[in-house]
Amino acid sequence: ARALPSLSALPEVLRLEQSRRTGVLFPLQKLARYLAPGVDTERFRLFQPGLDALYRAEGLFRSDRGHTIDYVSSAVRMDHAPPPDRPEVCFIGRSNVGKSSLIRALFSLSPEVEVRVSKTPGHTKKMNFFRVGKYFTLVDMPGYGYRAPKDFAEMVEAYLQERPNLKRTFLLVDGLVGLQKTDHIGVEMLEEFGIPYVMVLTKIDRASRGVLLKNVLEIQDYVKEKTHGCFPQLFLVSSLEFSGVHLLRCFVAHVTGNLPTVEAR
């Protein structure tokens, strides 16, 4: 079996010294320390699970004999999608935002799950469905913007509007550049359809602390003033360093109804 990447499992993270551990498990909270005094940080910790919840979520993302995680199928039309028989989450974002890399990081404890990560942006041309045992399905959507498949709008809009078991949409934004005009396409689509979603800032290992803080505060203001369906807390992730990946696993487990009780509004 392939060796698992470092820090993909909680016990490894818990061996780190305190500050680094916080940076991996709760990157947004670590960032909050550098804010000017008096800045309201309530939206930095709306979802703050304890260790039990993090471990429980990790168990869902780890396949074993009685719990299979596998790629089910790809679809370009809704009638090709697998039956909506369990809770579902989907990941969307513009091409090259690091979507497939993030999904691969989420599934890193089950290295047999094949998530294709391409060197060329816009590689995902179909909706790819991954089944996580009997608990939920995760869907990797085609990227929008540059090199989006030509039937992107029909495919994705049909999915978002018609999928009865969709519990939450994860809208990925590049942490290095913040919210771009192309990202507004995704936001407007989700707002128009009244679909609950959450914003995830990717590639945070590439951004300096100053750039990251600026982008986080700008996006938080945007979410507060311009959106209705977006969960007010941003999720920060690095697929390379696993920062925020454990928390995101936990949030996925929570929104799909697989964590009994956890602090989140």
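## A helix with plenty of cover

Let's start with helix α6, residues 152-162. The buried residues of α6 are covered by several elements, including β1, β2, β3 (127-132), β4, β5 and α7. Which residues of α6 are buried? They are Phe152, Met155, Val156, Ala158, Tyr159 and Leu160. Keep in mind as you look around that this is a predicted model.

## The sheet, strand by strand

Many of those covering pieces are strands, so let's see how the strands line up. Seven strands form an open sheet with mixed pairing, and their order is β1-β3-β4-β2-β5-β6-β7. At the edges you'll find β1 (69-75) and β7 (235-236); each has a single partner strand, so one side of each has no neighbour in the sheet. As a general point, strands in a sheet pair through backbone hydrogen bonds, either parallel or antiparallel.

Now zoom in on β2, residues 88-93. How many of the residues of β2 are buried? Six of its six residues are. In a regular strand, side chains alternate between the two faces of the sheet. For β2, one side carries Glu88, Cys90 and Ile92, the other carries Val89, Phe91 and Gly93, and both faces are covered.

## Who pairs with whom

Strand β2 has β4 (residues 136-140) as a parallel partner, and four bridges link the two. One of the matched pairs is Glu88 with Thr137 in β4. Strand β2 also runs parallel to β5 (residues 166-174), this time with six bridges. Two pairs to look for here are Ile92 with Leu171 and Gly93 with Leu172.

From β5 you can step across to β6, residues 197-202: these two are parallel as well, over six bridges. Thr169 sits opposite Tyr197 in β6, while Leu172 has Val200 as its bridge partner in β6. Is β5 mostly buried or exposed? Eight of its nine residues are buried, so the rest of the structure largely encloses β5.

## Helices packed on the sheet

Helix α5, residues 99-106, lies across β2, β4, β5 and β6, and its direction is at about 145 degrees to β2. Helix α7 (residues 181-193) packs on the sheet too, where it touches β2, β5 and β6. Its direction makes about 160 degrees with that of β5. Follow the chain through β5, α7 and β6 and you trace a right-handed β-α-β unit.

## Two nonpolar cores

In soluble globular proteins, nonpolar side chains tend to be buried together. Here, the largest nonpolar core has 46 residues, and the ones with the most contacts inside it are Phe91, Leu102, Phe107, Phe170, Phe235 and Leu248. Which helix gives the largest share of this core? That's α9 (residues 245-255), with eight residues. Apart from this core there is another one of 43 residues, including Phe129, Phe152, Phe193 and Leu212.

Phe107 is a nice residue to click on. Setting aside neighbours within four places in sequence, Phe107 is in contact with Phe61, Ile69, Val113, Val115, Phe130, Val132 and Leu138.

## Lys203 and Asp205 in a loop

Last stop: the loop between β6 and α8 (209-226), where you'll find Lys203. Is Lys203 buried or exposed? Its relative accessible area is 14%, below the 20% cut-off, so Lys203 counts as buried. The side chain of Lys203 reaches the backbone oxygen of Asn96 at 2.7 Å. Leaving out residues up to four places away in sequence, Lys203 touches Asn96, Val97, Gly98, Asp174 and Val237.

Asp205 is found in the loop between β6 and α8 as well. With 29% relative accessibility, Asp205 is partly exposed. Which residues does Asp205 contact, leaving aside neighbours within four places in sequence? They are Ser238, Leu240 and Glu241. With Ser238, Asp205 makes a polar contact of 2.6 Å between the two side chains. Also have a look at Gly175: Gly175 and Asp205 are 30 residues apart along the chain, and their C-alpha atoms are separated by 8.8 Å.

Key. Residues are numbered from 1 along each chain as its sequence is written. This is a predicted model: local features need pLDDT of at least 70, side-chain atom pairs count only at pLDDT 80 or more; totals for chains, interfaces and linings use all residues. Side-chain values use heavy atoms; hydrogens and water are left out. A nonpolar core is a set of buried Ala, Val, Leu, Ile, Met, Phe, Trp, Tyr and Cys residues joined through side-chain atoms within 4.5 Å. Buried means under 20% relative accessible area, exposed over 50%, partly exposed in between (1.4 Å probe, protein chains only). Contact means heavy atoms within 4.5 Å. Two strands pair if DSSP finds at least two bridges between them. Axes are lines fitted to C-alpha atoms, for helices over the stretch in contact, and angles run from 0 to 180 degrees between N-to-C directions. A polar contact is a pair of N or O atoms within 3.5 Å; within protein, one must be able to donate a hydrogen and the other to accept it, and residues adjacent in sequence count only if both atoms are side-chain atoms. A crossover is right-handed if, with the strands pointing away from the viewer, the path from the first strand over the helix to the second runs clockwise.
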